[in-house]
Amino acid sequence: MEGGSSASDENLVEDSIAIVEYVKTIGEFRKTQRKEGTNLVRRMKLFLPLLEEIRDVEIANIPLAAIACLKKLKKAFQSAKKLLKLCHYGSKIYLALESEGMMGRFHNVYESISLAVEGMPYEDLGIPQEDIEQIELQRVQLRRAKRRTDTQDMELTMDLMVALSTNDRNADIASVERLANKLSLHTTEQLKEETLCIQKFFKERWGVSAECQQQVLNLLDKFKSFAGVEETEVVDEAADAKSLATSPSFSIPNEFLCPITLEIMTDPVIIATGQTYERRSIQQWLDSNRRTCPKTGQTLDHLLLAPNFALKNLILQWCEKNNHHLPKEAPKSPEITPTTNDDKILLLVQNLSSSKLEEQRDAVEKIRMLSKESSENRTLIANAGGIQLLVQLLSYPDSRIQEHTVTALFNLSIDESNKKLISQEEAIPAIIEILDKGSIGAKENSAAALFSLSMLDENRVKIGSLNGIPPLVNLLRIGTIRGKKDAVTALFNLCLNPANKAMAIEAGIVPPLLRILDDKKLEMMNETLSMLLVLASCSEGTRELGQLPFIETLVQLIRDGTSKNKECALAVLLELGSNNSNLILAALQYGVYEFVVDVSKNGTERGRRKAESMLRLATTAQEIP
């Protein structure tokens, strides 16, 4: 063998082995990248037998071709390590927003690893045949890896779109809830950790766009609001590094920070669970009718606040030693006695079955408002038997009671346990009835309720089988702006079940969706395109949408739409064109090529990737005789 190594090459194999050993210890990845992260670690581990065989070869006897491969493999492994660390330590919100971009990064790493061992002189290195076969199999699998576009990704995309919407509509809170649960960002501790991750992420300047940065902060605020955690300021990318390094979150001992505000405490108090909070923060929490500990979630036996003098003295000593000036102490709020909120809710639930119409109306209206305020109220209402009585009232022949009732049930359904209770009480048929025949306000809130309940997979099937899709399509056709938005969001969720796609198309969903695309005032372009993308993935949808006028509409959006419009329109055209190359040829006739080239250079990150895929598909379509 003709060796060609230099002193700088001596550690190539050891370095690559060390990287693989390191990534094996990283631990669990963020949920949105868990599958790909686990797969990448597994694939890297399969290279260990090869590397260990090469390690036994004298460096001087390793051929130049092998040295070149090992250099490329080490570089690919370094990229993989950086990516996996981001997927373990990074901001959950950022990783969710960039889920498709992260998939692109994974596949770039796969490609790099595959190319690195191409041309490896196995025989010259004396590698056993079984190891050679394993590596070659890995190369084939890595090169064949396709970008995943499954139900979970589409569901995540729509939830992000709805949650980031500035519109105040019913579906927003349900999408925020599902995202918070999906990303595990619904407790004080989880949100505290995420806040610190975001601060660190922005400090390290990963090149995040201003738009993406703002979206991260907006979602963080919504999650905190949903969890009842006071919003805190998070530094932006332009923040001065020095001020960041000296910020309280990074320099002050964690035990001195209030778990709610993440700021140093000036008046620490102990609550019934033994946890300590800043008096002003925990008092605001309690004043909003909450009866749980923000940090542990335990129900409080009492609402008394006891000053934590020992901790306050430690904080004062630390501040004096470190020349840290405490913020001006807020005036102490008077201690409060336990509220009678549970008694109030119990009485209102009892009045739901009153023989007096006005008492019933008053009770259901107040329960509607209380169920919107907090998780504690929703739990109290459910525990008092409110769900069963509300479901009975859905069929009550009074339009005001019906509207308040279906809205109260929607509010209650925000909590996962209540979703199951509402479903067990067979509320869905009555909600569909109101959606079909109720007042316009009741229709809108019924659509939101079905959206929330359809987060349970079994309810998607049930709503479809109970003929709940046609009245949603009708609301999409005749509803107010708010009603149309709630309808399209509910339909999107339902159509994640394959059988419901055909039902929606049969119910006539496509024409009103196409009309919405033409109405710029509705500001529903992206939600509508996402709905069309779901429909385009089934044969019935391909037939319905694969018409020249719609292809021309997509081309116009790729030409004239916003960056997000172009991205979504490209996704729909790609889905249709992947099943029918004639549609790509038709789009080319409408002049789509130059618009796609522009998106590939100037679009969003996801838009650029879609554009590159479209350009490849267009080239293939033109080559087919």
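## Exercises on a helical chain

Lys610 has its place in helix α36, which spans residues 605–623, and the model in which it is examined here is a predicted one.

**Exercise 1.** Determine whether Lys610 counts as buried or exposed, and list which residues Lys610 touches when those up to four places away in sequence are not counted.

*Solution.* Begin with the relative accessibility, which for Lys610 is 14%. The cut-off for a buried residue is under 20% relative accessible area, and Lys610 therefore counts as buried. Next, leave out the residues up to four places away in sequence, after which the residues that Lys610 touches are Glu100, Glu567, Leu570, Ala571 and Leu574.

**Exercise 2.** Describe how helices α17 and α18 are placed relative to each other, and classify the residues of their contact.

*Solution.* The general principle is that two packed helices are described by the angle between their axes together with the distance between those axes. For α17 (residues 341–351) and α18 (residues 357–373), the axes come within 8 Å and cross at roughly 135 degrees. Angles over 145 degrees count as roughly antiparallel and those from 65 to 115 as roughly perpendicular; α17 and α18 are therefore oblique to each other. The handedness of this crossing is left-handed. On the α17 side the contact is made by Asn341, Lys344, Ile345, Leu348, Val349 and Asn351, while α18 contributes Glu359, Gln360, Ala363, Lys366, Ile367 and Leu370. Sorted by character, the residues of this contact comprise six nonpolar, three polar and three charged.

**Exercise 3.** Carry out the corresponding analysis for helices α21 and α24, stating how they are oriented and which residues meet.

*Solution.* The axes of α21 (residues 399–412) and α24 (residues 440–453) come within 9 Å, and they cross at roughly 20 degrees. Because angles under 35 degrees count as roughly parallel, this description applies to α21 and α24. The crossing in which α21 passes α24 is left-handed. From α21, the residues Glu403, Val406, Thr407 and Phe410 meet Gly441, Ala442, Asn445, Ser446, Ala448, Ala449 and Ser452 of α24. The residues of this contact divide into five nonpolar, five polar and one charged.

**Exercise 4.** Summarise the chain as a whole in terms of its secondary structure, its burial, its contacts and its exposed area.

*Solution.* The secondary structure amounts to 36 helices and three strands. The chain has 625 residues, of which 52% count as buried. Among the contacts with a separation of 6 or more, 72% are between residues 24 or more positions apart. Finally, the chain exposes about 28,200 Å², with carbon and sulfur atoms supplying 49% of that area.

Notes. Residues are numbered from 1 along each chain as its sequence is written. This is a predicted model: local features need pLDDT of at least 70, side-chain atom pairs count only at pLDDT 80 or more; totals for chains, interfaces and linings use all residues. Side-chain values use heavy atoms; hydrogens and water are left out. Axes are lines fitted to C-alpha atoms, for helices over the stretch in contact, and angles run from 0 to 180 degrees between N-to-C directions. Helices (H or I, at least four residues) and strands (E, at least two) are DSSP runs, numbered from the N terminus. A crossing is left-handed if the near helix is turned anticlockwise from the far one by less than a right angle, and right-handed if clockwise. Contact means heavy atoms within 4.5 Å. Ala, Val, Leu, Ile, Met, Phe, Trp, Tyr, Cys and Pro count as nonpolar, Asp, Glu, Lys and Arg as charged, and the others, Gly among them, as polar. Buried means under 20% relative accessible area, exposed over 50%, partly exposed in between (1.4 Å probe, protein chains only). Accessible areas come from the Shrake-Rupley method with a 1.4 Å probe; for residues, only the protein chains shown count as cover.
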